[in-house]
Amino acid sequence: MKPFYSNYRIKNKIFSVSLLLLMIFGLLGLVTFQYFTSLYEKRIYKESADMLQLSSSIVDKELNLIEELSFQVSTDTFVQNYLKKINENRFTFESYDTKTRLLERLLHYASTRKYIASMQIIDSHGDKHTTGFDTSLENDEGKIRRVLSETNGSNVWTKIDGENGISAARTIRSKENLSLNNIGTLIISIDMDKFVEETLNFSPENKEMIITSNHEIFYQSDESNWEMNDFAVEGNGSGYMTTPINGKEYLLTYAHSGFSQLTYHHLLPYDDVKKQTTAIKIIMIICFVLMLSLTILLSQRAAKNISKPLEALSSQMKRVEEGDFSESLTNKYHNDEVGELHDNFQLMLNRINELIKENYTKQLMIQETEYKALQAQINPHFLYNTLDSINWLAKMHKQEKISVMADALGNMMRNIISKKDPTITIKEELEIVRNYITIQKYRYDHRLNFTLSILENYEMGKIPKLSIQPIVENAIQHGLEEMIDECRIHLDISENEGGLSN
């Protein structure tokens, strides 16, 4: 089938094809860009989720240490003894001294972590004994008592109202005589800004972590102002999703704690993910518009420059029709300017047909003579140099078989063609045989087993060129090619009564 532009004028053909190709390449570029953009965004999502997973694991581990610390403090023998004395003797001097020792003991535990803002014990009378670098971080005592009433002495995490901190609370039970009586409440308050700075110092991005639990935000950075309904991810596991918040698209990655009810979140503005791809897209659009403008301009000028000489040549062919045979053209094209040239040229051919017939035979003879002369000019060294080039090229690409075969063929042809004498030494003839066997072994592999026996004092004997090689070739052709098993060819050159034989 003819292309749709077959009957267009040449300049319109060039313009149409150029524009069509540009559109095709532009479309392919757009599809490719969208594909790799999708891969890039998925990679960003995966890396963000992996980083949050790593960060949450570290935070989990650190919070677990705090739970262990709260258990250690609540079961500490000194703490329990001090607390028992305080509960039994509330307003005595001994009680005051005991409170001081209790605070020193709590300060010892609180100083083990820089982010522990305060450590507080509430005795059975409701009195608070607080120590730490920031005792202003205090949780709601009533809220903690309500939460602890639903546990059996286990640790619970609560948010410090109005502050960017969380606390670990635990009921202190008496170890004496395993009575497990409630003798107080331990509250460890954590400054979350310091906590995140200490534990996640390897990842500045994840310092924007948000921690939630039981439909309540436990922690968010000072710059953030999120609401709990922005994080509707509860349950187990981890992952990522895109979600609209306050009319803006975000990449939300989340990971649930492995030992508590906490859930860790990280929000990344979707604009940050799309920023680079959008910039590339704008650059591509600008480049495409420039290429389109340039293609239209250049293709029009090129089409005009190409069609103008053809139109002039068509005018010249009309003069040839009138008897001016200064130029000729013999190609057939579609119905364009060149097709018009063909029609005009056919009229000219009718007038010079007799001259073509008269000169046809002479031209054939001249061409044949030139061809034979060209063949005679081929230098055998060209073949040697070509084979040598193939040999070295194969060595460069570590193609050992090709290298050996090319080298063997070159040596074989050099010994056959370059030596003008009709007789050569047995040694030279055997060199031809060895090169021939080298080539055949790569063809037949292990099926060809060739051996040679000759005494050194026979090697300089003279024999006609190609006396032995055709014998070996004949043995391979009529022996090896007719069988599927291994073919053994043994060449033995020895002396008998009539002279040398093989």
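Which helices and strands are among those that cover the buried residues of H11? The points below address this question and then turn to the cores and cysteines of this predicted model.

1. Helix H11 spans residues 469-478, and within this helix Gln-469, Val-472 and Ile-476 are buried. These residues cover an arc of only 70° around the axis, and therefore they lie on the same side of H11.

2. The cover over the buried residues of H11 includes two helices, H9 (400-417) and H10 (426-444), together with two strands, E12 (448-454) and E14 (487-496).

3. In soluble globular proteins, nonpolar side chains tend to be buried together. In this model, the largest nonpolar core contains 37 residues, and Leu-63, Met-119 and Ile-190 have the most contacts inside it. Two or more residues of this core come from each of the helices H1 (10-74), H2 (77-88), H3 (93-110) and H5 (192-199), and likewise from each of the strands E1 (116-123), E4 (165-173), E5 (182-191) and E7 (216-219). Helix H1 gives the most to this core, namely six residues.

4. Another core, of 20 residues, lies apart from the largest one; among its members are Leu-448, Val-472, Ile-489 and Ile-493. Val-472 is also one of the buried residues of helix H11.

5. A search of the whole structure for disulfides finds zero. Is Cys-487 buried or exposed? Cys-487 counts as buried because its relative accessibility is 7%, under the cut-off of 20%. Cys-287, by contrast, has a relative accessibility of 41% and therefore counts as partly exposed.

Note on methods:
Residues numbered from 1 in each chain as written. Predicted model: local features only at pLDDT ≥ 70, side-chain atom pairs only at ≥ 80, totals over all residues. Heavy atoms only, no water. Buried < 20%, exposed > 50% of the residue type's maximum accessible area, 1.4 Å probe, protein only. Helix = DSSP H or I, 4+ residues; strand = E, 2+ residues; numbered from the N terminus. Arc of directions from axis to C-beta. Contact = heavy atoms within 4.5 Å. Core = buried A, V, L, I, M, F, W, Y, C linked by side-chain atoms within 4.5 Å. Disulfide = S-S within 2.5 Å.
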